[in-house]
Amino acid sequence: MKNKRSVFQAFAMIMQFSLNMIVPIVMCTLLGVWIDEKFHIPVITVPLFLMGALAGFRNIFIMAKKIYQDDSKIQKNK
């Protein structure tokens, strides 16, 4: 039973990482496409995509940093 719990926790963590990466990219890309269609500025999509990718990497970095800090606190208490 304990093994199943760790598998589910790992799966949840992977899903969090993927959502933290995908959502900013998709949102910024959709915003770029909308601006392109509305104002006819075709070059805006690429910078917004890159901004979304950087935001996703930042989110993952912050999340991994929190997880690492939590793990180090748990190991110190043992």
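Me: Why is Ala55 called partly exposed?
Reply: Its relative accessibility is 28%. Buried means under 20% relative accessible area, exposed over 50%, and partly exposed in between (1.4 Å probe, protein chains only). Ala55 falls in between, so it counts as partly exposed. The model is predicted: local features need pLDDT of at least 70, side-chain atom pairs count only at pLDDT 80 or more, and totals for chains, interfaces and linings use all residues. Residues are numbered from 1 along each chain as its sequence is written, and side-chain values use heavy atoms, with hydrogens and water left out.

Me: How do you know where Ala55 sits, and what is its distance from Pro24?
Reply: Ala55 lies in helix α2. Helices (H or I, at least four residues) are DSSP runs, numbered from the N terminus. Helix α2 covers residues 45-77. Pro24 is 31 residues away in sequence, yet the C-alpha atoms are 6.4 Å apart.

Me: What makes Thr45 buried?
Reply: Thr45 has 17% relative accessibility. That is under the cut-off for buried, so the label holds. Thr45 belongs to helix α2.

Me: How do you know which residues Thr45 touches?
Reply: Contact means heavy atoms within 4.5 Å. Leaving out residues up to four places away in sequence, Thr45 touches Thr29, Gly32, Val33 and Asp36.

Me: What makes the Thr45 side chain and the backbone oxygen of Gly32 a polar contact?
Reply: The distance is 3.3 Å. A polar contact is a pair of N or O atoms within 3.5 Å; within protein, one must be able to donate a hydrogen and the other to accept it, and residues adjacent in sequence count only if both atoms are side-chain atoms. The distance is inside the limit, so the pair meets the distance test.

Me: Why are Trp34 and Phe39 called an edge-to-face pair?
Reply: Rings of Phe, Tyr and Trp (its six-membered ring) pair if their centres lie within 6.5 Å; planes under 30 degrees apart count as stacked, over 60 as edge-to-face and the rest as tilted. The rule yields one aromatic pair. Trp34 and Phe39 are 6.4 Å apart, centre to centre, with 85 degrees between the planes. Both values pass, so the pair is edge-to-face. Phe39 is in helix α1 (residues 2-39).

Me: What makes Trp34 partly exposed?
Reply: Trp34 has 47% relative accessibility. That value is in the middle range, so Trp34 counts as partly exposed. Trp34 also joins Leu31, Phe39, Ile41 and Val43 in a nonpolar surface patch, with about 510 Å² of accessible area together.

Me: Why is His40 called exposed?
Reply: His40 has 66% relative accessibility. This is over the upper cut-off, so exposed is the right word. His40 lies in the loop between α1 and α2.

Me: What makes the phi of His40 worth a remark?
Reply: Most residues other than glycine have a negative phi. His40 is not a glycine, but has a positive phi of about 55 degrees.

Me: Why is Asn20 called partly exposed, and which residues does Asn20 contact?
Reply: Asn20 has 27% relative accessibility, so it too is in the in-between class. Asn20 is found in helix α1. Neighbours within four places aside, Asn20 is in contact with Gly56, Asn59, Ile60 and Met63.

Me: What makes Met13 partly exposed, and how far is Met13 from Ala64?
Reply: At 33% relative accessibility, Met13 is in the in-between class, so it is called partly exposed. Helix α1 holds Met13. The C-alpha atoms of Met13 and Ala64 are separated by 9.9 Å, with their positions 51 residues apart along the chain. Met13 touches Met63 and Ile67, not counting residues up to four places away in sequence.

Notes
Helices (H or I, at least four residues) and strands (E, at least two) are DSSP runs, numbered from the N terminus. Patches are made of residues with over 30% relative accessible area and no salt bridge: like charges are joined within 9 Å, nonpolar side chains (Val, Leu, Ile, Met, Phe, Trp, Tyr) within 5 Å. Accessible areas come from the Shrake-Rupley method with a 1.4 Å probe; for residues, only the protein chains shown count as cover. A salt bridge is a side-chain nitrogen of Lys or Arg within 4 Å of a carboxyl oxygen of Asp or Glu.
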